[in-house]
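Visitor: Could you take me through one part of this model up close? I would like to see how a single strand sits among its neighbours.

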Amino acid sequence: MKIADESITLRPVDETDQDFLIELYKSSRGDDLRGLGWDEDRISEFLEMQYVAQRNLQGDHEHMSDQLVLISGKPIGRLSIETLADEIRWVDLALLADFRNQGVGTLLIQQIQEQARPANLPLRLQVIRFNRAVNLLERMGFRRTSETGTHFQMEWLPGSVGNPTNPGPRADILPGEVEEG
């Protein structure tokens, strides 16, 4: 599949998306735990608890945009960002395994950068240290600002050195053709 030939849209998450979101959460984080030698039942139980905790924390953010990523109307991921007066905080980007390394993440990152650029706001995020996305983020102009034993804090500044001036072809992501219901 060539992602450039597909229609990528975003729509707000609603209550009917919970089963998909749990599946997505487990698919995007289970490999980390498998690497620790955990059995599948323990991984599943742990990730369900983590998912519930994450949802509760995100409910406290009044400026959070929590959206499903769709290709041709089919959910393939989730994008959550929080726009504040002094920054755009990238809270989560997760894609189903079949859509990773296909350019979707790059397109979504470019879209967030396009939002931050005219507002002249830094784009900040936290990513687990061994996440493969760290290399992609650095190629797209993010830099590490601090780190803990488990995570990097990263930042992208509009107009910063290392910001790709010509990131190559990009598909426009159609803004939320929100389905009411």
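**A strand between two partners**

Guide: Happy to! Let's start with a turn in the chain: S6 leads into S7 by way of a hairpin of 3 residues. Keep in mind as we go that this is a predicted model.

Strand S6 covers residues 143-147, and 4 bridges pair it with S7 in the antiparallel sense. To find one of these contacts in your viewer, pick Glu147, whose bridge partner in S7 is Phe152.

Now turn to strand S5, residues 123-128, which is joined to S7 by 6 bridges and also runs antiparallel to it. Here Val127 is the residue to select, as it stands opposite Phe152 in S7. Phe152 is thus a good place to centre the view: Glu147 is its bridge partner, and Val127 stands opposite it as well.

How many of the residues of strand S7 are buried? In S7, which spans residues 151-156, 5 of the 6 residues are buried, so the strand is largely enclosed by the rest of the structure. The cut-off behind that word is a relative accessible area under 20%.

For a point of reference elsewhere, look at Leu107 in helix H3. Leu107 counts as buried because its relative accessibility is 8%. Its C-alpha is 9.2 Å from that of Ile8, although the two residues are 99 apart in sequence.

For contrast, try Asn101, in the loop between strand S4 (88-95) and helix H3 (104-119). Asn101 counts as exposed, at 73% relative accessibility, and has a positive phi of about 60° although it is not a glycine.

Terms used
Residues are numbered from 1 along each chain as its sequence is written. This is a predicted model: local features need pLDDT of at least 70, side-chain atom pairs count only at pLDDT 80 or more; totals for chains, interfaces and linings use all residues. Side-chain values use heavy atoms; hydrogens and water are left out. Helices (H or I, at least four residues) and strands (E, at least two) are DSSP runs, numbered from the N terminus. Buried means under 20% relative accessible area, exposed over 50%, partly exposed in between (1.4 Å probe, protein chains only). Two strands pair if DSSP finds at least two bridges between them.
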